[in-house]
Amino acid sequence: MVYKDDNIFAKILDNRLSAKILLENEHAIAFNDIAPQAPIHILVIPKGKYIKYDDFIYKASKEEIFNFFTLINQLIKHYDLEETGYRLITNAGKNGNQEVPHLHFHLLAGQNLGKM
Ligand code: 5GP
């Protein structure tokens, strides 16, 4: 599968679409989901062109991977979620019902999220 530059998150990354960036580092950004499923529903995406998780892990540099997960950790700390907990999800491909073909992790929190 070839990465498509016209996906929504590619447009956010190059400012064709606006999103309020909550936190950012050299290799990743975090912003609120447009249709939140919980009081806190943040999307974390790499700046590089990766379609989904396996693609990212195979192709990204160690630095990109480290910075991506470090940003997630910083959000967990920033929103004080270590004690109360959270859910971290990435949907991949057809059976995962991935809607946007640019890797993203959903960070959900702020209430009891129920069982999966
Ligand atoms: P997926 O189903 O691919 O795992 O999740 C895609 C997510 O992107 C959905 O939760 C959806 O609400 C969110 N989303 C779709 N379009 C936009 C947008 O234009 N801006 C933001 N911030 N989120 C979006």
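## A five-stranded sheet and the helix across it

Strands S4 and S5 run antiparallel and are joined by three bridges. In this predicted model, that pairing is a good place to start looking around. Arginine 87 sits opposite leucine 108 of S5, and isoleucine 89 faces histidine 106 of the S5 strand.

Now zoom out to the whole sheet. Five strands make an open, antiparallel sheet, and their order is S1-S2-S3-S5-S4. S1 (21–24) and S4 (87–89) are the edge strands, each pairing on one side only. Neighbouring strands in this sheet are turned by 20° against each other on average, ignoring direction.

Strand S3 (residues 40–46) pairs with S2 (residues 28–32) and with S5 (residues 105–109). Here are those pairings next to the S4 one:

| Strand pair | Bridges | Sense |
|---|---|---|
| S2 and S3 | five bridges | antiparallel |
| S3 and S5 | five bridges | antiparallel |
| S4 and S5 | three bridges | antiparallel |

If you want residues to click on, try alanine 30, which stands opposite valine 44 in S3. Over on the S5 side, leucine 43 has histidine 106 as its bridge partner, while isoleucine 42 is partnered with leucine 107.

How many of the seven residues of S3 are buried? Seven of the seven are, so to speak, under cover. In a regular strand, side chains alternate between the two faces of the sheet. In S3, Ile40, Ile42, Val44 and Pro46 point one way, His41, Leu43 and Ile45 point the other way, and all are buried. S5 tells a similar story, with five of its five residues buried. Phe105, Leu107 and Ala109 lie on one side of S5, with His106 and Leu108 on the other, and both faces are covered.

Next comes the helix. H3 (residues 62–78) lies across S1, S2, S3, S4 and S5, and runs at about 160° to S3. Does its length come out as expected or not? With 17 residues at 1.5 Å a residue, H3 should span 24 Å, and that agrees with its end C-alpha atoms, which are 24 Å apart. Just after H3, aspartate 80 takes a positive phi of about 60°.

Which residues of H3 are buried? They are Glu64, Ile65, Asn67, Phe68, Leu71, Ile72, Leu75 and Ile76. An α-helix has 3.6 residues a turn, so residues three or four places apart point the same way. The buried residues of H3 pack against S1, S2, S3, S4 and S5, and also against helix H2 (53–59).

That brings us to the nonpolar interior. The largest nonpolar core has 19 residues, and those touching the most other members are Ile42, Val44, Phe56 and Phe68. S2, S3, H3 and S5 each supply at least two residues of this core, with H3 giving the most, at six residues. Another core, of seven residues, lies apart from it and includes Phe9, Ile12, Ile29 and Ile45.

Isoleucine 42 is worth a look of its own. Leaving out neighbours within four places in sequence, isoleucine 42 is in contact with Leu22, Ala30, Phe31, Asn32, Asp33, Leu75, Tyr79, Phe105, His106 and Leu107. One of these contacts, Leu75, is a buried residue of H3, and another, Leu107, is the bridge partner of isoleucine 42 in S5.

Definitions and conventions. Residues numbered from 1 in each chain as written. Predicted model: local features only at pLDDT ≥ 70, side-chain atom pairs only at ≥ 80, totals over all residues. Heavy atoms only, no water. Buried < 20%, exposed > 50% of the residue type's maximum accessible area, 1.4 Å probe, protein only. Helix = DSSP H or I, 4+ residues; strand = E, 2+ residues; numbered from the N terminus. Pairing = 2+ DSSP bridges. Axes fitted to C-alpha atoms, helices over the stretch in contact; angles between N-to-C directions. Contact = heavy atoms within 4.5 Å. Expected span 1.5 Å × (residues − 1). Core = buried A, V, L, I, M, F, W, Y, C linked by side-chain atoms within 4.5 Å.
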